[in-house]
Each structure stands twice: as C-alpha cells, then as structure tokens.
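User: I'd like a close look at one covalent link in this protein and at its surroundings. Could you take me through it step by step?

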Amino acid sequence: DRKEVYLGDDNSLTLTFNARNEGEGGAYEAELYVALPPEADYSGIARNNESLTQLTCSYETENQTRYLSCDLGNPMKAGTNLWAGLRFTVPRLKDTHKTVQFYLQIRSKNENNSQSEAVYYNPEVVVQADVILQGVSRPDKVFFPPANWKVPKNYGVEQDVGPAVEHIYELVNNGPSRISRTLLELRCPLRIQGRSLLYPLEFFTEGPINCTTDKSMNHLKLKLQHISTESPILALKADEHHVEKRDVHKTQLAHLTNLSCSNVECWTLQCNVGLLEKGTTAILKMRSRVWAETFTERAYKQYVMECLARFNVKKMPYVIPPKHYPSGQKKVVTPIVWNKPDIENSVPLWIIVLAILAGLLLLALLIYVLYRFGFFKRSLPYGTAMEKAQLKPQAASEA
C-alpha cells in the first residue's frame, strides 16, 4: 500500500497479494513463503477487508533469514484464486540503502512446478521531514492610549517607551526524519523616517538554537523590567549600516496602515538551529516595546505592525539526500487599537453640574409663574362639595 518508506518512521505497510493455482491438479502442502529484510518486522494478518482470506502463518528463522510460511491449502485446488494481506513495520532503516526488499513465492510439495516465480517488493527509502513554524503575539493587540503613561523627559526604564509586546516563535519538526541545520530569520519594524516603531529589548531561546542580531538589543540601555530565569542573549553593538533604509515620503506614516518590512526600516535577527529529532522544537522569544510617543501623535489612527519569520532547512544528517529541503514562513501581527473616547468624560464635569443647576432654576421659575397666575387653583375640578354648599344659600336668597 506504499511505494516509499521514510527514515525515522515506523513505516507500517500492508502487502496484499493474489495467489492462484492455474494448473489442472491440486498443489499439495502449498504455502506462501515471504522472506523479510533485516529492517522489517511482521505484525500480523491484514483484517481491514472482508474480501481478504484469513491465513494461518508461522514466523521462523533459517540461516539468519527471517521468513513467513502461510498455509494456502492442502491441497490448493485447481482454479483457486485467493487474495490475502500481510502487515509489516520497517523501523530499522539505514540511510546507506536506497531500497528494502521483500521476497514472496508460492511453494508446494508437488513433484512438478513445485514453486512459482519469485515476486519482489522494493519500497524506496526516502528522507523527508514535515517542519512547521508557529508564532504568536502576546498580547494579541495593543490598546491606546496606554494606561498611566506620559511622554517622558528622559528615557530611563523600559516602561518609558510604551506597552510591552512579546513574540514567540516555535520551529517544530514533525518528522519522520531528522533535520540537523536550519536557518531561521526574524525581521520586525524598527522605525520610519527617524520615528521609532517597535523598540527591541531582549530575546531568549530554548532548544538547539543560537541567534545574533544586526541591531543592538536595548541600544538605549534602558533598565529592564525584570530579569528572566532563562539565559538572555547578550546584546550586540549597534551597526547602523545593517538597517534597511527605504526612500519614503515625509508623510508616509500618516497614510500607512500596515507597518511591515516592505515599507519601513526593520531590524533582523538570524538564528542557527541545530539537530531536531522527530517531535522536538526550537523556541525563540522576542521582547519589545511599542514606541508610544510615535503613535500618540496620531491619535485614533489604527496601525498593524507585522513581523516576518522565515526558515530554511539546510542540512539533514543522512547519506541519502532529501527530495526537497523544508522551508516556510510565519507572519505575526500586533494591531494598534485605539479605545473609543468616553462620551461622559469628554464633557468637563463643571459644565454638567452647571447645566443641572440651570435646569432646576428654570423649573422653579416656571412653577412660580404658574402659581402667581392661579394655574393650580383653576385646575381644581368644578363642582366640588364645598362649592355646592356655598351655592345653595345664594340660590335660596334669590328665590
């Protein structure tokens, strides 16, 4: 059921065969003989298809050759046509062999034509690795205006810069084969026309990974918020010649929304990743601060800062070359989101209080005027008991 087996994998496979007796007589003590390569193990009869015959097989060794002997019938009658399947694993592949070989043959105790022609199955040995790059931004978005932040007179601690952002990248080898050398490159926005965007502080690594940068981490030598328990990478000296400079218009930041390395200056972090077995990872953590002063000058304009990480596998530890070297990329974005202004807080409190007092004063004045004009007296219902009592004596005198 497969034409290739992979270095580093268990390589489960099924050999499905068709055995026929096309002669005129029965084949007595007929059996299927299967010689296994040293790299393979027998795991059982294939039972995933009801149309396959369930055979009885024995697993034996002769002259250091491991083989299967499966009963095909005694006799295997003329015209017999059966399908059956055998399951194997191939976990012990060697990268010096380009193929492995299974040998199948029908053997019988008949005097004539006691064995069939041999059939060989030779799956190709292949080097292949599924490598992926994952990335995430913490937080996933940055809200402006920053809480409890003001433009500092002098930048002394990292909190003076603005909100913190951490990007985490994970290079995962899902195998089956190993990779021994990979180049990982990270590029993030630095500035545009002299205005800082994302200030890099420090980075940390986990696993077989070593990184260097073309820009100094924390080149202003700000006091960091904390000291990580992991070993930080030492900052390199600033080298302005390595910054990618682009010819941009003076008002470009006012018109841009997506801040990526295609339209702003970026810093670059280059990492060499060593041996990664199947199921292992290398992790890069990058800590930065959003340069708040740049964005507060453009209040309520939304931006998206985009970092791009790329990887290319350069070497795999095998004699057999891979059909292709894995590569890929991952974009991690950090949106700058402005909170909507609070309508209540947008009006000064003294104006709200003055408006309430003026309203109460106007209401009191209206009530007083209505009272002076007798509005409340005339509003009493005509013909009350008191009025009727006053009218009766008056009517009697007139009579």
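User: Which cysteine forms a disulfide with Cys57, and how far apart are their sulfur atoms?

Analyst: Happy to! This is a predicted model, in which local features need pLDDT of at least 70 and side-chain atom pairs count only at pLDDT 80 or more, while totals for chains, interfaces and linings use all residues. Residues are numbered from 1 along each chain as its sequence is written, and side-chain values use heavy atoms, with hydrogens and water left out.

The partner of Cys57 is Cys70, and their sulfur atoms sit 2.0 Å apart, where a disulfide is a pair of cysteine sulfur atoms within 2.5 Å. Cys57 belongs to strand S5 (residues 57-62) and Cys70 to strand S6, so this bond ties together parts that are 13 residues apart in sequence; strands here are DSSP E runs of at least two residues, numbered from the N terminus. The link between Cys57 and Cys70 is right-handed, with 110° about the S-S bond.

How do the two ends of this link compare in exposure? Cys70 has a relative accessible area of 0% and is therefore buried, while Cys57, at 24%, counts as partly exposed (buried is under 20%, exposed over 50%, partly exposed in between, with a 1.4 Å probe and protein chains only).

Ser69 helps to fill in the setting, as it is found in strand S6, which spans residues 65-73. Ser69 has 14% relative accessibility, so it counts as buried. The side chain of Ser69 makes a polar contact, at 2.7 Å, with the side chain of Glu31 (N or O atoms within 3.5 Å, one able to donate a hydrogen and the other to accept it; residues adjacent in sequence count only if both atoms are side-chain atoms). If neighbours within four places in sequence are left aside, Ser69 is in contact (heavy atoms within 4.5 Å) with Glu31, Leu32, Thr56, Cys57 and Ser58. So Cys57, the partner of Cys70 in the disulfide, is also among the residues that Ser69 touches, and its place in S5 puts that contact between S5 and S6.

How does this link fit with the others? The structure holds four disulfides, and with the bonded cysteines numbered in sequence order the pairing is 1-2, 3-8, 4-7, 5-6. One of these bonds joins Cys211 and Cys271, with sulfur atoms 2.0 Å apart. The torsion about that S-S bond is about 105°, so the disulfide of Cys211 and Cys271 is right-handed. Cys211 lies in strand S17 (residues 209-213) and Cys271 in strand S19 (residues 265-273), so this pair ties together parts 60 residues apart in sequence. Cys211 is buried at 4% relative accessible area, and Cys271 is buried at 1%.

Another bond joins Cys188 and Cys307, whose sulfur atoms are 2.1 Å apart. Its S-S torsion is about 125°, so the link of Cys188 and Cys307 is right-handed. This pair links distant parts of the chain, with Cys188 in strand S14 (residues 181-192) and Cys307 in strand S21 (residues 303-315), 119 residues apart. Both Cys188 and Cys307 are buried.

Cys188 and Cys307 also help to line the largest cavity, along with Val165, Glu166, His167, Leu198, Trp267, Met286 and Ser288 (a cavity is a set of 1 Å grid points where a 1.4 Å probe fits but cannot get out, and lining residues have an atom within 4 Å of a point). Strands S13 (164-176) and S20 (281-290) each give two or more residues to that lining, and S13 provides the largest share, three residues.

Notes. 1 Å grid on protein atoms, 1.4 Å probe; cavity = no way out; pocket = protein on both sides within 12 Å on 5 of 7 lines; lining within 4 Å. Helix = DSSP H or I, 4+ residues; strand = E, 2+ residues; numbered from the N terminus.
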